[in-house]
Amino acid sequence: MLNVGDIVQGSFDGIAWPASSVKTQAAIGVVGGGLAVAAVPMVLGALGFTTTGITGSSLAAKMMSITAIANGGGVPAGSLVSTLQSVGAAGLSTSSNVILGSVGSVTSFLTARASGF
């Protein structure tokens, strides 16, 4: 079982890590969390979910068209398209950013650990 105290002390599963390795892995975790939060608006914008609406001829426009056709001409509230457009226009809430950053940090840390950084 993963124990925060073990990580801080530099050991886990009976394996002792060099202190510099733990510091490097922690730094990678922090950077990974920040990148996860920063990537969401960029990725959504690239897909066509922008602050000014859905960009014509984009993947978002195609998704909106398919959703509207499937639902008799309208995009229902709470659908994937409407949720992504809402996030593209207004961004994520603070709590969503905290969760996303935490998941990004843990994933980055564990990836760094597994790859031997």
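**Figure 1. The surface of the protein chain in this predicted model****.** The protein chain exposes about 7,200 Å², and 69% of that area comes from carbon and sulfur atoms. Turning from the outside to the inside, 26% of the 117 residues in the protein chain count as buried.

**Figure 2. The order of helices and strands along the protein chain****.** If you like to trace a fold from one end to the other, here is your map: α-β-β-α-β-β-α-α-α. That makes five helices and four strands. Among contacts in the protein chain with a separation of 6 or more, 57% join residues that lie 24 or more positions apart.

**Figure 3. A look into the largest nonpolar core****.** Five residues make up this core: Leu-44, Phe-49, Ala-60, Val-81 and Val-87. Val-81 is a good place to pause. Leaving aside residues up to four places away in sequence, Val-81 touches Phe-49, a fellow member of the core. Under the same condition, Val-81 also touches Ile-54, Met-63, Met-64, Thr-67 and Val-75.

**Figure 4. Where helix α3 meets helix α4****.** Helix α3 covers residues 59–70 and helix α4 covers residues 80–90. Their axes come within 9 Å and cross at roughly 145°. On the α3 side, the residues to look for are Met-63, Met-64 and Thr-67, which meet Leu-80, Val-81 and Leu-84 of α4. Sorted by type, the residues of this contact are five nonpolar and one polar, with no charged residue. Val-81 may look familiar here, as this α4 residue also belongs to the largest nonpolar core.

Technical notes: Residues numbered from 1 in each chain as written. Predicted model: local features only at pLDDT ≥ 70, side-chain atom pairs only at ≥ 80, totals over all residues. Heavy atoms only, no water. Core = buried A, V, L, I, M, F, W, Y, C linked by side-chain atoms within 4.5 Å. Buried < 20%, exposed > 50% of the residue type's maximum accessible area, 1.4 Å probe, protein only. Contact = heavy atoms within 4.5 Å. Axes fitted to C-alpha atoms, helices over the stretch in contact; angles between N-to-C directions. Helix = DSSP H or I, 4+ residues; strand = E, 2+ residues; numbered from the N terminus. Nonpolar A, V, L, I, M, F, W, Y, C, P; charged D, E, K, R; others polar. Areas by Shrake-Rupley, 256 points an atom, 1.4 Å probe, with all protein chains shown as cover.
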